[in-house]
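Student: Hey, can you walk me through this one? I'd like to get my head around how the strands sit together.

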Amino acid sequence: MNHLTWSSMGRGLGILLSLSLIFPLSVGCGPSKMAKDQLEKARKTYEQAKADPNATALAPFYLTDAENALQEAEQAGNSDEMIHLSYVAEKKAQIAMTIAEGKKAEENIRKLNTETAELLAQKKKLDQQRELEMKRSQMEAERARLAAKMEAERAAKAKAEADMLMKELSELKARQTERGIVLTIGEVLFAFAKADLSSKADRNVYKLAKFLQKYPNRNVLIEGHTDNIGSEEYNQDLSQRRAESVKEKLVGDGVGPDRITTVGYGKKYPAVSNDTDANRALNRRVEVIILHEGVQADTQLRE
């Protein structure tokens, strides 16, 4: 409550006190019982104000003023004076409670305003946090969408490239595997106990060399194999020489030797059973694995 409000209230209370001073005098000299009743009423009002913690804390001056007025009433010399002073004490006690109530209301309003401001600040902060969370979720969703799109594009590109490679290698009867594109050069590659390429195999290796020149980011693993005739040691050496024969041909046709890895497996991995001459001829072979882009040959060796 501002100064003007308290001033107006003070003037109103002054008028009330003036009227209270006039009223008892108009009564004249009443009986002693009326004076005692008025004094008792003043005492009860004062005790009520004194018991009010708000009045004690927020209007101590007015409460003291009421107490002094009550003491004057108790010491009055006659009934008229006692009635008059008791009435004044009662009103001052009421004024103390009224002022305390007003100040308490102002305090509650200030507290409420502070709490309201704090709640608004918290709401604003929560709104900002929710907005940030929403933006973060949207960004994460967008990143996930873009990542999925890129992955799908990479997969589509890889499939398209694989399809194109398989088409280009169709004449060499290539097949797609987890290790890469595997092809067996020619139908009958090597004569019995020989590591020299047949003429048909030589032409197929030339076609492979042209393909590898077109795709310089692809490495190759060349595996040599034999039939089951002969000792382990002999066939191991023969299979290695057969793989080296294919490598020499590829290098001679323009493929960098650093892109080529050779390994001989002897008779360990037959393509078909070695129960007939025709099947043994098929096992005398070299398989070339065109590795996936960026893959090193040593990671694709058989155990």
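Tutor: Sure. One term before we start: two strands count as paired if DSSP finds at least two bridges between them. Also keep in mind that this is a predicted model.

Student: Okay, so which residue stands opposite Ile 260 in strand 4?

Tutor: That's Val 220. Val 220 belongs to strand 3, residues 220–224, and strand 3 pairs with strand 4 over five bridges.

Student: In which sense do strand 3 and strand 4 pair, parallel or antiparallel?

Tutor: Parallel for those two. The sheet as a whole has mixed pairing, though.

Student: What's the order of the strands in the sheet?

Tutor: It's an open sheet of five strands, ordered 1-2-5-3-4. Strand 1 (175–176) and strand 4 (260–264) are at the edges with a single partner strand each, so one side of each has no neighbour in the sheet.

Student: And which strands does helix 7 lie across?

Tutor: Helix 7, residues 232–252, lies across strand 3, strand 4 and strand 5 (286–291). Its direction is at about 160° to strand 4.

Student: Switching topic: how many helices and strands does the protein have?

Tutor: Eight helices and five strands. Along the sequence the pattern goes α-α-α-α-α-β-β-α-β-α-β-α-β.

Student: What share of the residues is buried?

Tutor: 35% of the 303 residues count as buried. As for the accessible surface, it's about 18300 Å², and 57% of that belongs to carbon and sulfur atoms.

Student: Last one: what about contacts between residues far apart in sequence?

Tutor: Take the contacts between residues at least 6 apart in sequence: 74% of them join residues at least 24 apart.

Terms used
Residues numbered from 1 in each chain as written. Predicted model: local features only at pLDDT ≥ 70, side-chain atom pairs only at ≥ 80, totals over all residues. Heavy atoms only, no water. Helix = DSSP H or I, 4+ residues; strand = E, 2+ residues; numbered from the N terminus. Buried < 20%, exposed > 50% of the residue type's maximum accessible area, 1.4 Å probe, protein only. Contact = heavy atoms within 4.5 Å. Areas by Shrake-Rupley, 256 points an atom, 1.4 Å probe, with all protein chains shown as cover. Axes fitted to C-alpha atoms, helices over the stretch in contact; angles between N-to-C directions.
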